[in-house]
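Colleague: Could you walk me through this one? I would like to go feature by feature.

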Amino acid sequence: MASLQPYTDYSFVLVGCTAVGCGASSPSTGRTLQAPPAGVWTNPRHLIINTSAVELYWDQPPRPNGHISQYRLNRDVGLSQ
């Protein structure tokens, strides 16, 4: 997987699958801001709790490029059936 580049536009689609099938989000776009801190996404991990909960884990950056006061994960539950 290639690293994200600062100040770059990206397009993506989120796909989630269960035993009965898969669903996909509408295409989305996002633009990266400043360069990411080193090591944040070196080993992202997830743990599936149940059909409506997933826990995500990632490494704390060893050298943050600024004061990190919080992390935020956005989720859109509006998948088409």
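Modeller: Happy to, and please keep in mind that this is a predicted model. A good place to begin is the disulfide that joins Cys17 to Cys22, with an S to S distance of 1.9 Å.

Colleague: How many disulfides does the count come to?

Modeller: A pair of cysteine sulfur atoms has to lie within 2.5 Å to qualify. Cys17 and Cys22 meet that with 1.9 Å from S to S. By this rule the count comes to 1 disulfide.

Colleague: Is that disulfide right-handed or left-handed?

Modeller: The answer lies in the torsion about the S-S bond of Cys17 and Cys22. That torsion is about 110°, so the disulfide is right-handed.

Colleague: And are Cys17 and Cys22 buried or exposed?

Modeller: The word for a residue over 50% relative accessible area is exposed. Cys17 falls in that class, and Cys22 likewise: both are exposed.

Colleague: Now Thr32, please: is Thr32 buried or exposed?

Modeller: Thr32 sits in the loop between strand S4 (28-31) and S5. Its relative accessible area is 16%, and the cut-off for buried is under 20%. Therefore Thr32 is buried.

Colleague: Which backbone nitrogen does the side chain of Thr32 reach?

Modeller: Leaving out residues up to four places away in sequence, Thr32 touches Leu4, Gln5, Pro6, Tyr7, Thr8 and Tyr10. At 3.0 Å, its side chain reaches the backbone nitrogen of Tyr7.

Colleague: Which residue in S6 stands opposite Ile48?

Modeller: Strands S5 (residues 45-50) and S6 (residues 53-57) run antiparallel and are joined by 5 bridges. They form a hairpin, with 2 residues between them. Opposite Ile48, in S6, stands Val54.

Terms used
Residues numbered from 1 in each chain as written. Predicted model: local features only at pLDDT ≥ 70, side-chain atom pairs only at ≥ 80, totals over all residues. Heavy atoms only, no water. Pairing = 2+ DSSP bridges. Helix = DSSP H or I, 4+ residues; strand = E, 2+ residues; numbered from the N terminus. Buried < 20%, exposed > 50% of the residue type's maximum accessible area, 1.4 Å probe, protein only. Polar contact = N/O pair within 3.5 Å; in protein donor to acceptor, adjacent residues only side chain to side chain. Contact = heavy atoms within 4.5 Å.
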